[in-house]
Amino acid sequence: MAAALRARVVDGTLRPGARLPNEAALAQEFGVSRPTLREALRSLAAQDLIRTAKGAGGGSYVTLPSVEGVSSFLHSSIALLADAKDVTLEDLLVARELLEIPAARIAARRRRTDDLDRLRATIPDQPLRLGPDQQYVYNQEFHSFLIDCCGNALLAMAAQPIFGVLQRNLARSRLGARFHRAVNDQHRAIAAAIERGDADAAGKEMHAHLEYLRPYYERAWRRQA
């Protein structure tokens with residue numbers, strides 16, 4: 001049921017903004033019960049393929065997925081796979097390297113003044129005065145905005161969920177001032193290479209940064225296990 005409706009959205013039979021028939025008509029058309037239909041509609045809503053409105057103009061309407069919506073859906077799915085041990089830490093780390101190292105190179109080649117200003121703003125001047133939660137917010141913003149600098153929506157949808165799942169366990173760890181100082185120094189080195197337009201250096205700095213983080217992720221995963 002959900003797959004059939006999804007296919008109609010993907011192939012353009014149901015256009016963005018189109019209103020779906022009411023529940024009784026859809027249930028009759030597909031030969032399913034109302035509960036089965038509603039479960040299918042909830043599944044499509046979770047994928048940002050439909051939205052439901054109430055009131056006089058209520059009903060279910062076809063929408064286009066957003067980058068944020070797809071990324072959030074992937075994040076939830078990858079987190080569940082990781083918790084079930086179907087996706088390993090090594091899988092996540094390798095995928096992150098394959099995405100973020102080239103992303104740093106692309107960001108260096110595409111650098112723009114506004115992007116550089118915003119990237120610098122994600123690196124706190126005095127990180128050790130911040131609490132751990134604030135540190136992780138800056139950390140997430142740095143990596144998220146570096147991906148955004150590439151101007152590639154598919155890259156953002158793929159990279160951000162992987163980072164989010166890795167960050168979840170790391171943020172639960174108690175990491176001291178030395179760790180946070182090193183992370184911020186490494187972020188500055190990556191940003192400086194991007195500002196110079198040195199794609200090779202940006203990639204190397206990102207690779208060194210991810211290698212530095214690897215043992216911390218491994219310890220965090222062992223604790224969670």
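Is Glu23 buried, partly exposed or exposed? I looked this up first and found Glu23 partly exposed, with a relative accessible area of 26%. I note here that the model is predicted.

**Entry 1: Glu23 and its partner**

I next looked for a charged partner of Glu23 and found a salt bridge with Arg34, in which the closest N and O atoms are 3.7 Å apart. Glu23 sits in helix H2 (residues 23-30) and Arg34 in helix H3 (residues 34-46), so this pair ties together parts 11 residues apart in sequence. Arg34 also counts as partly exposed, at 37% relative accessibility. For the whole structure I have 14 salt bridges on record. As a reminder to myself, side chains of opposite charge can pair when their charged atoms come close.

**Entry 2: a pair inside one helix**

I then checked Arg42 and Glu39, whose side chains meet in a salt bridge at 2.8 Å, N to O. Both residues lie in helix H3, three residues apart, which is about one turn of the helix. Glu39 counts as partly exposed because its relative accessibility is 47%.

**Entry 3: Glu90 and Arg214**

Which parts does the pair Glu90 and Arg214 tie together? I found Glu90 in helix H5 and Arg214 in helix H10, so the pair links parts 124 residues apart in sequence. The side chains meet in a salt bridge of 2.8 Å, N to O. Glu90 is partly exposed, with a relative accessible area of 41%. Arg214 has a relative accessible area of 16% and is buried, because buried means under 20%. I followed the shared partners from here and got one network of salt bridges that joins Glu90, Glu97, Glu211, Arg214 and Glu218.

**Entry 4: how H5 and H10 pack**

I looked up the geometry of these two helices. H5 and H10 pack at an angle of about 155°, and their axes are 9 Å apart. Angles over 145 degrees count as roughly antiparallel, and H5 and H10 are therefore roughly antiparallel to each other. The crossing of H5 past H10 is right-handed. I listed the residues that meet: from H5 they include Leu89, Glu90, Leu92, Glu97, Ile101 and Ala104, and from H10 they include Ala202, Met206, Leu210, Glu211, Arg214, Tyr217 and Trp221.

**Entry 5: nonpolar cores**

How many residues does the largest nonpolar core have? I find 47, and those with the most contacts inside this core are Leu92, Leu146, Leu166, Leu170, Phe179, Ile194 and Tyr217. The elements that give two or more residues to the core are H4 (67-83), H5 (89-109), H6 (113-121), H7 (132-148), H8 (153-171), H9 (177-196) and H10 (199-224). H10 supplies the largest share, 10 residues.

I took Ile194 as a sample. Neighbours within four places in sequence aside, Ile194 is in contact with Ala104, Ala107, Ala108, Arg111, Leu116, Leu119, Leu146 and Ala202. Apart from the largest core lies another one, of 12 residues, among them Leu14, Leu20, Leu44 and Val62.

**Entry 6: a backbone oddity**

Last, I checked Lys85. Lys85 has a positive phi of about 65° although it is not a glycine. I place Lys85 in the loop between H4 and H5. Lys85 counts as exposed because its relative accessibility is 59%.

Technical notes:
Residues numbered from 1 in each chain as written. Predicted model: local features only at pLDDT ≥ 70, side-chain atom pairs only at ≥ 80, totals over all residues. Heavy atoms only, no water. Core = buried A, V, L, I, M, F, W, Y, C linked by side-chain atoms within 4.5 Å. Buried < 20%, exposed > 50% of the residue type's maximum accessible area, 1.4 Å probe, protein only. Helix = DSSP H or I, 4+ residues; strand = E, 2+ residues; numbered from the N terminus. Contact = heavy atoms within 4.5 Å. Salt bridge = Lys/Arg side-chain N within 4 Å of Asp/Glu carboxyl O. Axes fitted to C-alpha atoms, helices over the stretch in contact; angles between N-to-C directions. Parallel < 35°, antiparallel > 145°, perpendicular 65-115°, else oblique. Left-handed = near helix turned anticlockwise from the far one by under 90°.
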